[in-house]
Amino acid sequence: TAGAFSAILQSYKIVPKFKQYAKDHGESGKSPIIIATCSAKQKMCTYYMPLAKRDAFYMGKPTMEQYASTFDNASMLERIGIESFKGINFGNVGRGIKRMLGMGGGLSSKEEKKDEL
């Protein structure tokens with residue numbers, strides 16, 4: 001399943017249990033930090049969740065709540081990293097989407113000639 005089953009299992013079974021455990025045993029009023037690393041070769045996932053000194057984990061970087069608050073007044077495009085439409089070539093974006101969906105969208109003849117040189 002290329003990890004699809006694992007992702008579903010983590011979302012609905014594992015992460016909620018970690019959240020509940022952190023609520024019962026961790027620092028109150030703060031959302032838990034859950035780190036997971038999985039190995040397909042070993043068919044195993046390892047989880048880490050600091051319960052104390054949670055803010056030290058960020059090593060001077062903003063916490064999740066602080067970072068998320070910077071997006072409160074941002075538009076949808078700004079949230080995904082697009083600050084303006086200036087400089088965006090929508091032709092290239094369209095071709096990339098077509099390629100991604102397997103609908104062609106290969107290189108134009110001009111681009112093929114550039115690659116030949």
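Visitor: How do you know what the accessible surface of the protein comes to?

Guide: The figure is computed by the Shrake-Rupley method with a 1.4 Å probe, and for residues only the protein chains shown count as cover. The result is about 10,000 Å², and carbon and sulfur atoms hold 59% of it. Please bear in mind that this is a predicted model, in which local features need pLDDT of at least 70 and side-chain atom pairs count only at pLDDT 80 or more, while totals for chains, interfaces and linings use all residues. Residues are numbered from 1 along each chain as its sequence is written, and side-chain values use heavy atoms, with hydrogens and water left out.

Visitor: Why is Gln 10 called buried?

Guide: Buried means under 20% relative accessible area, exposed means over 50%, and partly exposed lies in between (1.4 Å probe, protein chains only). Gln 10 has 18%, so it counts as buried. Across the protein, 9% of the 117 residues fall in that class.

Visitor: What makes a residue a contact of Gln 10?

Guide: Contact means heavy atoms within 4.5 Å. Setting aside neighbours within four places in sequence, the partners of Gln 10 are Val 15, Pro 16, Ala 36, Cys 38, Cys 45 and Tyr 47. Gln 10 itself sits in helix α1 (residues 4-25).

Visitor: How do you know that Cys 38 and Cys 45 are joined by a disulfide?

Guide: The test is a pair of cysteine sulfur atoms within 2.5 Å. The S to S distance here is 2.0 Å, so the pair passes. The link is right-handed, with 110 degrees about the S-S bond, and the structure holds 1 disulfide.

Visitor: Are these two cysteines buried or exposed, or in between?

Guide: In between: Cys 38 is partly exposed because its relative accessible area is 44%. Cys 45, at 30%, is therefore partly exposed too.

Visitor: What makes β1 and β2 a pair?

Guide: Two strands pair if DSSP finds at least two bridges between them. Strands are DSSP runs (E, at least two residues), helices are H or I runs of at least four, and both are numbered from the N terminus. Strand β1 (residues 35-39) and strand β2 (residues 44-48) have 5 bridges in the antiparallel sense, so they qualify as a pair. Thr 37 stands opposite Thr 46, and Ser 39 faces Met 44. The two strands form a hairpin with 4 residues between them.

Visitor: Why is Lys 43 called exposed?

Guide: Its relative accessible area is 77%, which means that Lys 43 counts as exposed. Lys 43 lies in the loop between β1 and β2, and has a positive phi of about 55 degrees although it is not a glycine.

Visitor: What makes a group of residues that includes Ile 97 a nonpolar patch?

Guide: Patch members need over 30% relative accessible area and no salt bridge; nonpolar side chains (Val, Leu, Ile, Met, Phe, Trp, Tyr) are joined within 5 Å, like charges within 9 Å. A salt bridge is a side-chain nitrogen of Lys or Arg within 4 Å of a carboxyl oxygen of Asp or Glu. Ile 97 has 42%, so it clears the area cut-off. Its fellow members are Phe 90, Val 93, Met 100, Leu 101 and Met 103, and together the patch has about 660 Å² of accessible area. Ile 97 belongs to helix α4 (residues 90-100).
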